[in-house]
Amino acid sequence: MESDSVDMQLPRHVAIIMDGNGRWAQKRGLPRYAGHPAGVEAVRGVVEACVAMGIPVLTLFAFSSENWQRPQKEVNLIMDLFMRSLKKEIRRLDRNQVRLRVIGDRSAFPAKLQKQIEEAERLTQTNTGLLLQVAANYGGRWDMTQAARRLAERIQSGELTPAQVDEAAVSQHLAFPGVPEPDLFIRTGGEKRISNFLLWQCAYTELYFTDQLWPDFNRQTLEAAILDFTRRQRRFGRTGEQVQGKTAEAS
Ligand code: IPE
Ligand code: IPE
Ligand code: MG
């Protein structure tokens, strides 16, 4: 019973804003972009930890729609790193049964990178383990806007009526329909903001902030966040008594 209840409390979907690479490098007297390769190492660690813990979905915020505003040199380096990391890691991900999916407006990426992403997604699409979603050139506002546009197109073509545009219809047109919404959101690097990450999908997500810089993130950090999560009472608008009563009825 004990282990069952712990299992039941494991988040089905963890979403992470991987922040603090630049400061991590600067603390070491390095240029800020030197933090990004160190961040990739931390990605490998968190993916392995999620696989080992049996977490079904992990979404990582790698590059926001606003990050294009960074110095060109840093943007180029991040694109290059994305390309190299995909090439280097994809076999290992595949061996671990990880299914990779990139969410965001990929049309802005160099053609070679777009091709690499497609190949990686194709190679891993039938895998049955962790679903790893990498948010790249992603923005919550972009996501909701493209959903609104596609709904408008379907109304214009007569497939849908305005009255059919309900919450379920909006959800189905977002970047990852059918995937459970994040249970746990983690942001490293000390900032306490969402920075245009999953705006719609995080309506009832539990938020966890840590000062640790992303390259220092490790399995212990993930476990601490999950432990914190398991101790929270998720009420979804109901009262604490109702939620407890429901648990008692169910068990
Ligand atoms: C997050 O680390 C990585 C990306 C946004 C690509 P930052 O590069 O934002 O690191 P800080 O916040 O400047 O330390
Ligand atoms: C958020 O981090 C985006 C990613 C981690 C990819 P930023 O460093 O861009 O966020 P702000 O600018 O501090 O809000
Ligand atoms: Mg940052």
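Which polar backbone atom is 3.3 Å from an oxygen atom of ligand 1? In this predicted model, the backbone atom in question belongs to Gly 20. Two side chains also make polar contacts with ligand 1: a polar side-chain atom of Arg 23 lies 2.7 Å from an oxygen atom of the ligand, and an N or O atom in the side chain of Arg 70 is likewise placed 2.7 Å from an oxygen atom of ligand 1. Taken alone, ligand 1 exposes 380 Å², of which the protein buries 87%.

The shell around ligand 1 comprises 13 residues, and the closest of these are Asp 19, Gly 22, Arg 23, Arg 32 and Arg 70. By class, this shell is made up of five charged, five polar and three nonpolar residues. Helices α2, spanning residues 21-27, and α4, spanning residues 72-95, each supply at least two residues of the shell, with α2 giving the most, namely three residues. The space that ligand 1 takes up is the largest pocket of the model.

Ligand 2 also sits in the largest pocket. The residues around ligand 2 include Ile 17, Met 18, Asn 67 and Arg 193, and Asp 19 and Arg 70, listed among the closest residues to ligand 1, are found around ligand 2 as well. The largest share of the shell around ligand 2 comes from strand β2, which contributes four residues; by class, the shell divides into five nonpolar, three polar and four charged residues. Three side chains place polar atoms beside oxygen atoms of ligand 2, at 2.6 Å in the case of Ser 195, at 3.1 Å in the case of Asp 19 and at 3.3 Å in the case of Arg 187. Ligand 2 taken alone exposes 390 Å², and the protein buries 79% of that area.

Aromatic contacts were examined in turn, and the count comes to 11 aromatic pairs. A pair of aromatic rings is described by the distance between the centres and the angle between the planes. For Phe 61 and Phe 197, the ring centres are 4.4 Å apart and the planes stand at 10 degrees, so the pair is stacked, given that planes under 30 degrees apart count as stacked. This pair links distant parts of the chain, 136 residues apart, in that Phe 61 belongs to strand β2 (residues 57-64) whereas Phe 197 lies in the loop between β5 (184-187) and β6 (206-209). Phe 61 is, in addition, one of the residues around ligand 2.

How values were computed
Residues are numbered from 1 along each chain as its sequence is written. Chains are lettered from A and ligands numbered from 1 in the order in which they are written. This is a predicted model: local features need pLDDT of at least 70, side-chain atom pairs count only at pLDDT 80 or more; totals for chains, interfaces and linings use all residues. Side-chain values use heavy atoms; hydrogens and water are left out. A residue is near a molecule or strand if one of its heavy atoms lies within 4 Å of it. A polar contact is a pair of N or O atoms within 3.5 Å; within protein, one must be able to donate a hydrogen and the other to accept it, and residues adjacent in sequence count only if both atoms are side-chain atoms. Accessible areas come from the Shrake-Rupley method with a 1.4 Å probe; for residues, only the protein chains shown count as cover. On a 1 Å grid over the protein atoms alone, a cavity is a set of points where a 1.4 Å probe fits but cannot get out, and a pocket is an open set with protein on both sides within 12 Å along at least five of seven lines; lining residues have an atom within 4 Å of a point. A molecule sits in a cavity or pocket if more than half of its atoms lie within 2 Å of its grid points. Ala, Val, Leu, Ile, Met, Phe, Trp, Tyr, Cys and Pro count as nonpolar, Asp, Glu, Lys and Arg as charged, and the others, Gly among them, as polar. Rings of Phe, Tyr and Trp (its six-membered ring) pair if their centres lie within 6.5 Å; planes under 30 degrees apart count as stacked, over 60 as edge-to-face and the rest as tilted.
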